[in-house]
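Work through the exercises below with the sequence and the structure at hand. Each task is followed by a solution in steps.

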Amino acid sequence: MNILGPDTLIFGVDDVSLCEQFLTDYGLTAVGDGRFEALDGTGVVIRHRSDPSLPAWELPTANMLRKTIYGVKDSSVLEQIKEEFKTDREVKVLLDGSLEITDDLGFVLGFQVSIRKTIDLPAERVNAPGHVHRPANVTGVSIDTTEPTPRPRTLSHVVYFVPDAEKAEQFYANRLGFKVTDKFIGMGPFLRPAGTADHHTLFLIQTPPQLQGCEHFTFHMGGPTEVLRAGYAFAAKGYESFWGPGRHRFGSNWFWYFNSPMGCHIEYDADMDQHDDSWEARLAPGIVDNSQVFLFHWREKWAPGGKPN
């Protein structure tokens, strides 16, 4: 099944205006009706938790994520999904032609012909002795201190806390064709659908049932410098850094996580590994040293000769 990755995450929250301001400050663009988009049109929708248009969350947990909508290549993929699930669960066909099902752990999933737009923006280039990527006289950073903060480019991945990571893995692998790229022993797998080479668009983490829900979601940035610039600007607005900045081992992506009012964490990430079907999944214990190569801690800006903090 040619599933490209998540197009939209829909949340049912307690404080709509707080979440809308949060996503605007994070760098997404408000386009109306509670929708906030990255540069390619993927994004997040905010509704009040009592909104009747939201799918019900049947489990007694604090989860605010109500639906993950995946983009697919074309309508033939929607037909494949419909055929796959019509014999063992309800497959809703919504007015816009998208499909809605519930996975084996209780998460509501949507599927639509992808809304994502092609974006043509340069990625960060790195110069090193013996391997120069940036042409002569092209600077890596601008001296213009008024340059706008980099914006998120595309919805990258979502992470679920689940009470049975093995059962969830089997659902996404066997029913939707996701590939396991790597796996933390005793914790859970990283998975990518067939339509992307990204190391993962879904990560499953084994937790007690009372924690089931969305742990975090993230958008791709144009490189590690954009992660740091966007995260620094976000922290300067008073938002609380949760983890990072740093760089993961599995996926190799740079990261910076923040607390959010949506009952989960939000991340900036960049430079994720790309894989094809010849890749063999790695196994490693889910310990601190395997979670990141290195980790920094945010502090306010400083300059030589400046007043120490």
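The exercises cover salt bridges and nonpolar cores in this predicted model.

**Exercise 1.** Classify the salt bridge between Asp88 and Arg89 by the burial of its two partners.

Solution.
- Step 1: The N to O distance between the side chains of Asp88 and Arg89 is 3.1 Å, and the cut-off for a salt bridge is 4 Å.
- Step 2: Asp88 has a relative accessibility of 39%, so this residue is partly exposed.
- Step 3: Arg89 has a relative accessible area of 19% and is buried, since the limit for buried is under 20%.
- Step 4: The pair belongs to a network of salt bridges that links Glu84, Asp88, Arg89, Asp104 and Arg175.

**Exercise 2.** Determine which parts of the chain are tied together by the salt bridge of Arg229 and Glu147.

Solution.
- Step 1: The side chains of Arg229 and Glu147 meet at 3.4 Å, N to O.
- Step 2: Arg229 sits in helix α4 (residues 224-236), while Glu147 sits in the loop between β10 (131-132) and β11 (154-162), so the bridge ties together parts 82 residues apart in sequence.
- Step 3: Both ends are partly exposed, with relative accessibility of 32% for Arg229 and 35% for Glu147.

**Exercise 3.** Locate the partners of the salt bridge between Arg153 and Glu226 and state the burial of Arg153.

Solution.
- Step 1: The closest N and O atoms of Arg153 and Glu226 are 3.6 Å apart.
- Step 2: Arg153 is in the loop between β10 and β11 and Glu226 is in helix α4, with their positions 73 residues apart in sequence.
- Step 3: Arg153 has a relative accessible area of 13% and is therefore buried.
- Step 4: The three bridges treated so far are examples; the count for the model comes to 21 salt bridges.

**Exercise 4.** Describe the largest nonpolar core and the surroundings of Phe217.

Solution.
- Step 1: The largest nonpolar core has 57 residues.
- Step 2: The residues with the most contacts inside this core are Phe11, Phe111, Tyr160, Tyr172, Phe217 and Met262.
- Step 3: Helix α3 (residues 165-176) gives the most to the core, with five residues.
- Step 4: Leaving aside residues up to four places away in sequence, Phe217 touches Phe11 and Met262, among others. Its contacts also include Leu9, Val44, Leu155, His157 and Glu267.

**Exercise 5.** Name residues of the second core.

Solution.
- Step 1: A second core of seven residues is separate from the largest one.
- Step 2: Its members include Val159, Phe184, Phe203 and Ala284.

Conventions: Residues numbered from 1 in each chain as written. Predicted model: local features only at pLDDT ≥ 70, side-chain atom pairs only at ≥ 80, totals over all residues. Heavy atoms only, no water. Buried < 20%, exposed > 50% of the residue type's maximum accessible area, 1.4 Å probe, protein only. Helix = DSSP H or I, 4+ residues; strand = E, 2+ residues; numbered from the N terminus. Core = buried A, V, L, I, M, F, W, Y, C linked by side-chain atoms within 4.5 Å. Contact = heavy atoms within 4.5 Å.
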